[in-house]
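Visitor: Please show me the sequence and the structure. I should like to ask how the terms applied to it are justified.

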Amino acid sequence: MAEIVILLTIKKIGSALASGAADQASAQFAKYGTRLIELQGSMGRVARELRVIHDVLCQMDIRNQNNQVYEGWLEEVRKVAHVMEDMVDEYLYLVGGKHDIGCCFYMKKGFRKPRSLLSLKRIAFKVKEIEKDLTHLSETKKRWVCMINNEDTSSSSYIVKRSQDLANISRSLDEEDLVGVDKNREKLEQWLADGDLEHSVIALLGMGGLGKTALAANVYRKERAKFQCHAWVSISQTYSREDVFRHIIKELFKDKVSALFNAAAMDITSLEETLKGYLEQKKYLIILDDVWTPEAFDDLCRVLIHNDKGSKLIITTREGNVAALASRGHVLTLEALPEDKAWDLFCKKAFPRDINHECPAQLNPLCGEIVSKCKGLPLVIVLVGGLLREKTIEEWRRINVQLSWELINNSRFDHIRNVLHLSYIYLPTQLKSCFLYCSLFPEDYIFKRKQLVRLWTAEGFSEERGESTLEEVAEGYLKELIDRNLLQLFKRNSFGRMKKFRMHDILRELALDLCQKDCFGVTYEDKYGESLQMDGRRLVLHKLQRDIQQPISSIHRFRTVITLDDSMPSFTLLPLLCNKSRYMAVLELSGLPIKKIPDAIGDLFNLRHLGLRNSEVKMLPKTVEKLSNLLTLDLHGCDIQELPSGIVKLKKLRHLFVENFFYVDRREIQCCTAQDESIRHLGELRQLRSLRLWNVKGIYCGRISESLIRMQYLSYLDVNACDENEVLLLNVLNPDLQKLCLTGRLAEGALDESPIFQAFGGQNLCSLALSWSHLREDPLPSLSRLSNLTRLQFTRAYNGQQLAFLTGWFPKLKILSLRDLTNLSRLEIQQGATASLEKLALVNLNSMTEVPPGIEFLTPLRFLGFLEITGDFLMLLRQCSAIQGTQWQYSLRD
């Protein structure tokens, strides 16, 4: 949507006019103060105009999707915003560096003028033109674009009506349309009939189109007679409390004409009192369908009396934070239908006249492909199945190959589009950007949290909020999209944080259509003779069997290029991108056979993310020091032996990856690339969040500690000694550190004396891995102060014979791994120790002759592994009563 680029432009203008940037500009262009003041004034006026346009656009809705006049006007606004974004980037570059200051050149008429002044004049001229363009667009809108503003057809009224229409369709679905819901229906009916007199709230949670309303309506029709009174009301995001309360009264007082007449004239206070008074002595069942916010839930539930008569309130919602308001254990999360149930539902709709709804043999392969494309979404399955009812095999083939097009363009699928668009329309603008961005990646693509957060940050989607970092804000966006069921959580890490997730394919199709219409971004695959003559600010290349040879007319507009296929034989487009794509912000080329980076890379003054992971690059050009806005430099897996010394000039760099191997077992000391020169300049990179150092000598530790003190945002630290005799001693306090890995000998008393292991220093430490530490004293008493640890790993870390986990220690620990502790003969776990432990791995503990006493106390345990053990120890395990009935695994040393 146009509001996305408008918001990004407004944020950039804000940065340009912020006190720091403005002061720097004033000092730098002191001789041209009047011109500078005029330029900054113009920028401020453009920002104010764009802010108004942005706020207006946020009030528009799906009625305008096919309004050609409105869309044409919007396209012009988008173009102006794009130009303004370019000009602000030019301005920030001009005042933020000294690249051209003092440089002179000759004009045709012989005048000598500073290049920077000419740039300032050009920017000022363009911004003035943009001001005029926005004024003209505002006048055009008043003359030609019909802005709907009367009460009956207002945006809010339209959305209320649309939401209610969709709810009515879902409520009226036939019984046969409910397939694969038996368990959920049984659970819901059980909760309604549980006999508990305490008032309870039940939530049905899931993305749009999963059948929440249909399931609730089915159960409501069957169970409502068991309650003294009942009501159903659909809630929109623009609901009116008065309307909702009047609707509930209308349902409760169906046979009382006088009560209904009185309610029509009541104010909000009288409506609330009437409802409270009526429900006080009743066992009621009320459905609030499609609740969007916790505030709406709280707003409406004030009148729903908790009267200890067994009353029930059911809410359906797409929002996880709304479902969290349900009674404990009363959230029913709906999932996509499994393949067999999806097939059954599809066949019921496609072959209604067949008694058994069997698919004809000749249609079987097509039926399977179409059902697979519906991705288990009941709403899509029902509508697609109905579309194919009594169609010829040729029509089946046509629908199959163009189903994505049909979903976007066929009027029969308006219902699907409206259901899913409602989730999108009311997203805050920054979340719209993040959501559309995900659609540029392929179907079933598995996103990684850290990777996507870095990309969103580089794109400028996230903004600092209070003391939260850009990455923390972006991670909050990710969580919100998952809570809104617009992204699907796929995997969590050991800390419980989101790790991997994906996008539902149907949602992706709709989002991708919005991306292309609004020039947000485009995708490209080397198939069907597809042309790359596309308009868009972002280009994501999916599958390319050969290098891109054709010219790209819009290359100068690109701000993002991402390649996802590492099988390309070459990528000759890189020099062209460096020379033509002046405003490039994200260049992600991981896995490509790139050997040389052009010197022109330094001219991409706006570049914030450069990804060359697993490429064949051996050296970076010195010009990278000019990339003053770079946030992420990913060289992991490249064969780079030395970084340019000028890299320390990249003051904004937050993520630097330079490892040249892929797997770290830590059972042997690894040697790699840390150099004395690198260590000397390490402290200049003060924005780093993650740092891994290899081949560290003990004499480096003092200098490393001094550098770490400057890295106030560091959350992940991994330090590896050059050999097992080098002593690591890091006397540093990093209270934000979350993950710490140390491979190498630790100094005597380090666990008690180093601030990094103290309770006040390691208060946020969640993960600790110690390898080759050669500790002689039991480390657990010292480490037990780290009460927030969720993961603890020892590999050749302790030379003693006994370890004891005492009651109350490590209350949040979920994963414990003990490897290669050659002298350890006894491990004791007291009752109440490691009370949250889910995974315990004991690996190659060849001196242990008994099963650890107390292991039976680890009731949350989901994985218990005895690995690399002897046959004698296996016999001991099979005879041990403490682990009988527990799912444990083993592997023999042989």
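Guide: The following exchange sets computed values for this predicted model against the definitions behind the terms.

Visitor: Why is Leu-573 counted as buried?

Guide: Leu-573 has a relative accessibility of 4%. Buried means under 20%, so Leu-573 counts as buried. This residue lies in helix H24, residues 573-580.

Visitor: Which residues is Leu-573 in contact with, leaving aside its neighbours within four places in sequence?

Guide: Leu-573 is in contact with Ile-548, Ile-552 and Ile-555, where contact means heavy atoms within 4.5 Å. The C-alpha atoms of Leu-573 and Ile-548 are separated by 6.8 Å, although the two residues are 25 apart along the chain.

Visitor: How do you know that the span of helix H8 agrees with what is expected?

Guide: Helix H8 comprises 12 residues, 212-223. At 1.5 Å a residue it should span 16 Å, and its end C-alpha atoms are 16 Å apart, so the two values agree.

Visitor: What makes H8 largely enclosed by the rest of the structure?

Guide: Of its 12 residues, 10 are buried, and H8 is therefore described as largely enclosed. Among the buried residues are Lys-212, Leu-215, Val-219, Tyr-220 and Glu-223.

Visitor: What covers the buried residues of helix H14?

Guide: The cover includes helix H15 (364-373), helix H16 (378-387) and helix H17 (393-401). The buried residues of H14 include Ala-342, Leu-345, Phe-346 and Cys-347. H14 itself, residues 339-350, reaches 16 Å from its first C-alpha to its last, close to the 16 Å expected.

Visitor: Why are strands E4 and E7 said to stand at the edges of their sheet?

Guide: The open sheet has 5 strands in the order E4-E5-E6-E3-E7, with parallel pairing. E4 (229-234) and E7 (331-333) each have a single partner strand, so one side of each is left without a neighbour in the sheet. Neighbouring strands are turned by 10° against each other on average, direction ignored.

Visitor: How do you know that E4 and E5 are paired?

Guide: Pairing requires at least two bridges, and E4 and E5 (residues 284-289) have 6, in the parallel sense. The two strands therefore count as paired. One of the bridge partnerships joins Trp-232 to Ile-287 in E5. Helix H9 (residues 241-252) packs on the sheet, touching E4 and E5, and its direction makes about 145° with that of E4.

Visitor: Which strands does helix H12 lie across?

Guide: Helix H12 (residues 294-301) lies across E3 (200-205), E5 and E6 (312-317), and runs at about 155° to E6.

Visitor: Which residues form the covered face of strand E27, and which the uncovered one?

Guide: Leu-827 and Ile-829 form the covered face, whereas Arg-826 and Glu-828 form the uncovered one. In a regular strand, side chains alternate between the two faces of the sheet. E27 pairs with strand E25 (residues 802-805) in the parallel sense over 4 bridges, and the bridge partner of Ala-804 in E27 is Glu-828.

Visitor: How many cavities of 30 Å³ or more does the structure hold, and what is the volume of the largest?

Guide: There are 6 such cavities, and the largest has a volume of about 190 Å³. Its lining comprises 20 residues, of which Val-5, Leu-8, Glu-85, Arg-537 and Arg-538 lie nearest its centre. Helices H1 (2-17), H4 (68-96) and H21 (449-459) each supply at least two lining residues, with the largest share, 5 residues, coming from H1.

Note on methods
Residues are numbered from 1 along each chain as its sequence is written. This is a predicted model: local features need pLDDT of at least 70, side-chain atom pairs count only at pLDDT 80 or more; totals for chains, interfaces and linings use all residues. Side-chain values use heavy atoms; hydrogens and water are left out. The expected span of a helix is 1.5 Å times one less than its number of residues. Buried means under 20% relative accessible area, exposed over 50%, partly exposed in between (1.4 Å probe, protein chains only). Axes are lines fitted to C-alpha atoms, for helices over the stretch in contact, and angles run from 0 to 180 degrees between N-to-C directions. On a 1 Å grid over the protein atoms alone, a cavity is a set of points where a 1.4 Å probe fits but cannot get out, and a pocket is an open set with protein on both sides within 12 Å along at least five of seven lines; lining residues have an atom within 4 Å of a point. Grid points are joined across faces, edges and corners, and a volume is the space filled by probe spheres set on the points.
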